[in-house]
Amino acid sequence: MATTTIGTRFLIELLGEWRDGRSSYEALADRIRLLVMDGRVLAGVRLPAERELAAQLEVSRTTVTAAYQRLRDQGFAVSRQGSGTRTTLPGSAGSSAAHDPGLLDFTKAAPPAPSRMPDAVRRASELVSPLLGETGYDTVGLPVLREAIARRYTQRGLTTSPDEVLVTVGAQQAIVLLARTLVSRGDRALIEVPTYPHAYDSLRAAGARIVTTPVSVDSADGWDVDTFESVTRRTSPVLAYLMPDFQNPTGRSMSQAARRRVLNAAAAQGTVVVADETPAELDIDRPDAHPPLAATAHGAQVVTVGSASKTMWGGLRIGWIRAERSMIRRLHAVRANMDLGTPVFEQLVVAALFEQYDELLEERRAALAAGRDAIERLTAETFPDWNVPHAQGGLSAWVNIGAPVSSQLALGARSEGLLITAGPRFGVDGAFERYLRMPLTSSPAQVERAIAALKRAWPAATRHPLPEPGMLAVV
Ligand SMILES: Cc1ncc(COP(=O)(O)O)c(C=O)c1O
């Protein structure tokens, strides 16, 4: 298989402010290690030649040589004569850190299966008989599931018919499909910062030039709508990828007034709003539930992304897109080049779970509340200087750890048995070193283990805080 090489400039962009108080080679190696661990640099990618990277970073060649050697010693790189240094993940081929029972995985904000799962599987087994003579996969979605999804949108205030729904392999495929369909190389695409990192990756992979609008846990409104309006007016992005409800990772929800202004600004520029409402129904104690963004579009074209992964189970890999029929047809045509379709059995399981959806959401909310309360209580006890904003629902708490050491902390936590994603993974320019995302989807016992691991890793992490980068506007 051909090896891809990461561009020197792109790697330097990802490295951000990598220098800390330690020797350069250690700091550089640890930065690259973090990028490999959290997926910003994939395993199997060829790193820049030592001489080239040294010149661009303005360090000695010996520094880069020693950094690459450190990565090899730690199992994060391999070198072969004549083919340079490639990134790799420690452990045997195909093994995943997430399957190591000694490690607790806080990198994913995804819940376990609901208690109704065995019943839904049984029900799907009954329904599957008529389909067993067919291929078992399809590119649009089974009518029974599209009807269930359309019914739910209609109940929530967005009248929808089944042919306005396309079932995908998770919301992730929905985002990739939208990026490939709507973005041509060089087009602008707007994202929130911080954001869901795989959406950012998908837009970049489609060739988008990224522009950003901030979402803050500290400001009253969360969204800086003035910036959204001015960036949209200035750059006319082809699409704006937004999470209006329980934004991942901040947990914030957009106010009704902000929704109206955002949609008006998008409508004025012809920007398609991709509303990722994957976390939208994960309410714990939000006082004002909102209908889907597309219900009051104010003249903007809104395409909605949804998923069964957080309300039901990620292992089913069922997501969907809700859009006008003409858009669904366009997306369906592009999908033909991407995959063969969504498995029908999993679609039937989701359709069966929709039959008991209200009870299922109740169970989910209770579990999220327990995870959230444990995070708030144990963090306050262990790290009184950290600021945990009260999440009214959603997938995660965006915790301000009070010092720019998120990357160092994530690296140290791994040695203490905790995989956790550092704040900068949710940004675009190395920002968010003061933040850590804590998944509400964890049980109180898991939160306790995680906080204990963070406590052990904390002293070493704070010895080497990183200088903080300014908030660069990436245009
Ligand atoms: C906001 C958001 N969108 C999409 C996804 C991907 O969901 P799926 O598992 O359905 O692919 C996630 C998963 O964490 C998410 O948080």
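Ala, Val, Leu, Ile, Met, Phe, Trp, Tyr, Cys and Pro count as nonpolar, Asp, Glu, Lys and Arg as charged, and the others, Gly among them, as polar. The model is predicted: local features need pLDDT of at least 70, side-chain atom pairs count only at pLDDT 80 or more, and totals for chains, interfaces and linings use all residues. Residues are numbered from 1 along each chain as its sequence is written, and side-chain values use heavy atoms, with hydrogens and water left out.

**View 1. The ligand and its shell of 13 residues.** A residue is near the ligand if one of its heavy atoms lies within 4 Å of it. Ala171, Asp276, Ser307, Ser309 and Lys310 are the closest. By class, the shell holds four nonpolar, six polar and three charged residues. α7 gives the largest share, three residues. Helices (H or I, at least four residues) and strands (E, at least two) are DSSP runs, numbered from the N terminus.

**View 2. Polar contacts of the ligand.** A polar contact is a pair of N or O atoms within 3.5 Å; within protein, one must be able to donate a hydrogen and the other to accept it, and residues adjacent in sequence count only if both atoms are side-chain atoms. A polar backbone atom of Ala171 sits 2.7 Å from a ligand oxygen. For Gln172, a polar backbone atom is 2.9 Å from an oxygen of the ligand. Lys310 uses its side chain: a polar atom there lies 2.7 Å from a ligand oxygen. Taken alone, the ligand exposes 400 Å², and the protein buries 93% of that. These areas come from the Shrake-Rupley method with a 1.4 Å probe; for residues, only the protein chains shown count as cover. Two or more shell residues come from each of α7 (170–182) and α11 (309–313).

**View 3. The second largest pocket, about 520 Å³ in volume.** On a 1 Å grid over the protein atoms alone, a pocket is an open set of points with protein on both sides within 12 Å along at least five of seven lines, a cavity is a set where a 1.4 Å probe fits but cannot get out, and lining residues have an atom within 4 Å of a point. Grid points are joined across faces, edges and corners, and a volume is the space filled by probe spheres set on the points. The pocket has 22 lining residues; Phe10, Leu14, Arg40, Leu42 and Asp201 lie nearest its centre. α1 (8–15) and α8 (197–205) each give two or more residues to this lining. The largest share, four residues, is from α8. The lining has ten nonpolar, six polar and six charged residues.

**View 4. The largest cavity, about 150 Å³ in volume.** It is lined by 14 residues, with Tyr153, Arg156, Glu281, Trp320 and Tyr357 closest to the centre. α6 (143–155) and β10 (302–307) each supply at least two lining residues. α6 gives the most, three. Six lining residues are nonpolar, four polar and four charged.

**View 5. The second largest cavity, about 40 Å³.** Eleven residues line this cavity, and Ala27, Asp30, Arg31, Gln408 and Leu411 lie nearest its centre. α2 (24–37) and α15 (406–415) each supply at least two of them. α2 gives the most, four residues.

**View 6. Thr232 in helix α9 (residues 225–235).** Thr232 counts as buried because its relative accessibility is 1%; buried means under 20% relative accessible area, exposed over 50%, partly exposed in between (1.4 Å probe, protein chains only). The Thr232 side chain reaches the backbone oxygen of Phe228 at 2.6 Å.
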